[in-house]
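Thanks for coming. I will walk through one structure, starting with the whole chain and then going to single residues. Please have the picture open while I talk.

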Amino acid sequence: MTASADREKPGYRALLSLPVPRRLALASLPADFADWLDYAAIVALLVFGWGHGPFALAIFALALSLPYIMVGPLAAVVVDRSSIRAVLVISNLGRALATLGFAFTGDAAMLLVLVFLRGAIDSAFTPARQAALQATTPKHLLGRANGLHQAINQTSKIAGPAIGGLLLVIWPAQGVFLFNAGLSLIAVVIALTLVIPPREQGEGDGQRGRFFVESLAGIAEFRRSRRLLVALIFSAFAYFSFFLYDALIALLAEGFGFGATAFGLSIAASGLGGLIGALVAGCFAAGRPILVMALAAMISGLTTAAVAAAALAGLMLPLAAFLFVLLFMGGSTAFMLVPYRTIIQAEVPPDRIGRVFAAGEAVITLTMLSAPLIGSAIASQWGTPAAFLVGGALLVVLGGVTLATARRA
């Protein structure tokens with residue numbers, strides 16, 4: 001079989017045989033790990049180094065999420081106006097410099113400002129990566145490309161803080177920051193080798209110079225495409241449902257009689273499920289993405305609700321069964337997330353994809369910010385399993401409603 005024939009197959013081997021998608025995935029490895037590797041070091045410095053408490057940690061959480069709401073839609077205008085490779089290079093370079101600043105700051109306020117600044121820079125990188133995927137990936141491989149990048153991102157979220165915590169055993173927090181800055185520089189070097197074709201310019205050029213108005217084009221695109229709007233509403237409500245119970249897994253494990261070790265294994269199982277699920281979801285995302293998302297929500301919701309009902313009834317699960325359930329829940333979550341990005345790349349013109357993706361991320365992030373507080377209130381009033389039951393029920397309803405529109409979306 002010839003190499004060209006092999007590349008026509010819709011598989012991960014075919015995707016990675018293409019030079020630019022392969023290098024983009026390689027660049028994403030250090031770039032995504034750089035987002036999470038120093039998480040434990042920042043928390044350790046705030047709490048153990050400088051003696052700060054819950055308020056500083058709450059501000060830290062906001063500094064991680066607010067850039068994607070406040071800065072992302074504006075940064076995406078730059079993404080759509082500029083060379084994609086230039087944005088990938090400059091954003092990783094800026095992220096390296098911001099991380100380098102972590103090592104030389106001596107107070108919490110400045111550190112948290114730098115965390116926000118790094119997030120603001122990263123809010124340009126993520127839409128640029130989506131634009132690069134759209135510009136360099138054949139349409140029949142878009143699902144695989146999004147599955148691969150979701151798998152990389154999922155791995156970085158789980159393994160990054162764990163590796164950073166291990167590095168704290170041998171290095172001070174400042175050493176971890178310097179190492180992490182080096183990861184972003186590696187991403188810069190790889191991004192410099194990318195050859196990305198220029199994008200076709202469309203109607204978005206007509207408002208060039210009206211920066212804020214251009215940033216609103218992302219939301220306007222969702223109003224013009226029913227399929228995009230369904231995908232955005234689904235994703236926002238799915239994230240809200242996840243985060244009702246995501247922070248309560250430790251308490252659920254404790255309710256089943258498991259200890260700290262089992263909790264650590266449960267996090268690893270959920271992360272592994274997300275990794276496997278992302279790769280498998282990539283095989284199905286391009287065909288009927290709305291249908292895949294809806295079915296995954298219903299299956300995940302039923303599983304979550306069943307575990308919650310078992311806990312409410314006082315039933316005890318073996319540890320192996322509990323870990324398998326979390327593995328399955330993590331995998332089904334990926335089936336809801338990977339198709340969303342595939343839909344954006346398939347539906348949105350290249351000259352507006354940055355703004356559309358950033359607008360969607362802002363809406364999703366804003367929607368899910370209140371979920372942990374609501375989930376904790378439910379857990380405080382009716383018990384931890386109740387938050388899982390509500391989250392699971394919402395996913396079932398979301399999947400059912402979306403499934404009813406799948407034939408028309």
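The accessible surface of the protein chain is about 17500 Å², and carbon and sulfur atoms hold 72% of that area. Please keep in mind that this is a predicted model.

Now the charges. There are 26 positive side chains and 18 negative ones in the protein chain. If you take the centre of each set, the two centres are 7 Å apart.

Next, the overall build. What does the chain consist of in terms of helices and strands? It has 21 helices and 0 strands. Along the principal axes, the C-alpha atoms fill a box of roughly 60 × 55 × 50 Å. The radius of gyration is 21 Å. For 409 residues, a compact globule would have a value near 22 Å, so the two agree.

How do the contacts spread along the sequence? Taking contacts with a separation of 6 or more, 88% of them in the protein chain are between residues 24 or more positions apart.

On to the inside. Of the 409 residues, 53% count as buried. In soluble globular proteins, nonpolar side chains tend to be buried together. Here, the largest nonpolar core has 84 residues. Which of them touch the most other members? They are Leu88, Phe242, Met336, Tyr340 and Ile344. Helix α18, residues 319-347, gives the most to this core, with 12 residues. Another core lies apart from it and has 21 residues, including Phe33, Ala34, Ile42 and Ala108.

Let me stay with Leu88 for a moment. Leaving out neighbours within four places in sequence, Leu88 is in contact with Leu24, Phe125, Ala128, Arg129, Ala132, Ala191, Leu194 and Ile196.

Arg129 is on that list, and Arg129 is my next residue. It sits in helix α9, which covers residues 108-136. Is Arg129 buried or exposed? Its relative accessibility is 3%, and the cut-off for buried is under 20%, so Arg129 counts as buried. With neighbours within four places set aside, the contacts of Arg129 are Leu24, Ser28, Asp32, Leu88 and His149. Leu24 therefore appears in the contacts of Leu88 as well as those of Arg129, with contact meaning heavy atoms within 4.5 Å.

The next residue is Ala145, in helix α10, residues 142-170. Ala145 counts as buried because its relative accessibility is 1%. Not counting residues up to four places away, Ala145 touches Leu15, Leu133 and Thr137. The C-alpha atoms of Ala145 and Tyr12 are 7.9 Å apart, although 133 residues separate them along the chain.

Two residues remain. Arg13 is in helix α2, residues 12-16. At 67% relative accessibility, Arg13 counts as exposed. From the C-alpha atom of Arg13 to that of Ala359 it is 32 Å, and these two are 346 residues apart along the chain.

Pro372 is in helix α20, residues 371-382. Its relative accessibility is 34%, so Pro372 counts as partly exposed. The C-alpha atoms of Pro372 and Val280 are separated by 28 Å, with their positions 92 residues apart along the chain.

To recap the single residues: Arg129 is buried, Ala145 is buried, Pro372 is partly exposed and Arg13 is exposed. That is the end of my part.

Technical notes
Residues are numbered from 1 along each chain as its sequence is written. This is a predicted model: local features need pLDDT of at least 70, side-chain atom pairs count only at pLDDT 80 or more; totals for chains, interfaces and linings use all residues. Side-chain values use heavy atoms; hydrogens and water are left out. Helices (H or I, at least four residues) and strands (E, at least two) are DSSP runs, numbered from the N terminus. The radius of gyration is taken over C-alpha atoms; the globule rule is 2.2 Å times the number of residues to the power 0.38. Buried means under 20% relative accessible area, exposed over 50%, partly exposed in between (1.4 Å probe, protein chains only). Accessible areas come from the Shrake-Rupley method with a 1.4 Å probe; for residues, only the protein chains shown count as cover. Lys and Arg count as positive and Asp and Glu as negative; His and the chain ends are not counted. The place of a charge is taken as NZ of Lys, CZ of Arg, CG of Asp or CD of Glu. A nonpolar core is a set of buried Ala, Val, Leu, Ile, Met, Phe, Trp, Tyr and Cys residues joined through side-chain atoms within 4.5 Å.
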